[in-house]
Amino acid sequence: MDRIVKGVLNFRQNVYPQHKDLFGTLATGQSPDVLFITCSDSRIDPNLLTGSDPGDLFICRNAGNIIPPHSNETGGMTASIEYAVAVLGVRHIIICGHTDCGAIKGALDPDNLKGLPHVKEWLGHCRSAMEIVRERHTIPLDQGVPHELLNEAIEENVLQQVQHIRTHPAVAAKIATGKVQIHGWIYNIKTGGIRCCQQNDTLFSNFDDQYADIIEQL
């Protein structure tokens, strides 16, 4: 906690004064361009990763960067997505998974999650991804997905969450009218690299290749 208190003091004394005008503008409202959905993992910093400022990203975080398919049961993710898309008018949705994801490690074999009933139920939203990996490698139903397939499972989970968010009415409407684009990312903690997919992709590509047209204009 000492480090946190020291950081707050530094923010008040040094950081805030340097960005006083920005915070003054943000004090009366926000208009982020991007809804950034990522894992709660402490190693992920969306603003640091994207070089963005306060007010640029509407950030939602949870274990496994999971987006439950839309239902009539209200949840925090459902409400946040609806607000970001329908009210704030974000134009891009980034779903960012990462290497060495503890949530996906748990999803590989839910039987190992005894004593964590809420975690086990939450990771049920990853089941389609795990079953795809299982089917691809003909793994018996009575066995967990092997740890050596973790990276593949992490990628497949992002692909499935991209599909899940498209079931949310506000998102579906904006996609149909070309007002929202969905991006799937996998952030490599060790290398700092990012692999990407778009909303209709089934495979990931290199970040520089995926966004070559934007990079050329920079």
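Tutor: Two strands pair if DSSP finds at least two bridges between them. Helices (H or I, at least four residues) and strands (E, at least two) are DSSP runs, numbered from the N terminus. This is a predicted model, where local features need pLDDT of at least 70, side-chain atom pairs count only at pLDDT 80 or more, and totals for chains, interfaces and linings use all residues. Residues are numbered from 1 along each chain as its sequence is written, and side-chain values use heavy atoms, with hydrogens and water left out.

Student: In what order do the six strands of the open sheet stand?

Tutor: The sheet is open and its pairing is mixed. Its order is β2-β1-β3-β4-β5-β6.

Student: Which strands stand at the edges?

Tutor: An edge strand here has a single partner strand, so one side is left without a neighbour in the sheet. Two strands fit, β2 and β6 (205-206).

Student: How many bridges join β3 and β4?

Tutor: β3 and β4 (residues 181-187) run in the parallel sense. One pair across them is Gly 97 with Ile 186 in β4. The number of bridges between β3 and β4 is seven.

Student: Which strands does α4 touch?

Tutor: α4 packs on the sheet, and its direction makes about 170° with that of β2. Such angles run from 0 to 180 degrees between N-to-C directions, with axes fitted to C-alpha atoms, for helices over the stretch in contact. Contact means heavy atoms within 4.5 Å. The strands touched by α4 are β1, β2 and β3.

Student: Is β1 mostly covered or uncovered?

Tutor: Buried means under 20% relative accessible area, exposed over 50%, and partly exposed in between (1.4 Å probe, protein chains only). Six of the six residues in β1 (residues 34-39) are buried. That makes β1 mostly covered.

Student: Which residue in β3 stands opposite Ile 37?

Tutor: β1 has neighbours on two sides: six bridges join β1 to β2 (residues 57-62), and five join β1 to β3 (residues 92-98). In β2, the partner of Ile 37 is Cys 60. In β3, the residue opposite Ile 37 is Ile 95.

Student: At what angle do the axes of α4 and α9 cross?

Tutor: Ile 81, Val 85 and Ala 86 in α4 meet Ala 170, Val 171 and Lys 174 in α9. These residues divide into five nonpolar (Ala, Val, Leu, Ile, Met, Phe, Trp, Tyr, Cys and Pro), no polar (the others, Gly among them) and one charged (Asp, Glu, Lys and Arg). The axes come within 8 Å and cross at roughly 35°.

Student: How far apart in sequence are the parts tied together by Arg 43 and Asp 100?

Tutor: A salt bridge is a side-chain nitrogen of Lys or Arg within 4 Å of a carboxyl oxygen of Asp or Glu. Arg 43 and Asp 100 form one, with the closest N and O atoms 2.9 Å apart. Arg 43 lies in the loop between β1 and α3 (46-50) and Asp 100 in the loop between β3 and α5 (102-108), so the pair ties together parts whose separation in sequence is 57 residues.

Student: Is Asp 100 buried or partly exposed?

Tutor: Asp 100 also meets Lys 105 in a salt bridge, at 2.7 Å from N to O. The relative accessibility of Asp 100 is 34%. Therefore Asp 100 counts as partly exposed.

Student: Which helices hold Glu 152 and Arg 136?

Tutor: The side chains of Glu 152 and Arg 136 meet in a salt bridge of 2.5 Å, N to O. The pair ties together parts 16 residues apart in sequence, because Glu 152 and Arg 136 lie, in that order, in α8 (residues 150-165) and α7 (residues 127-136).
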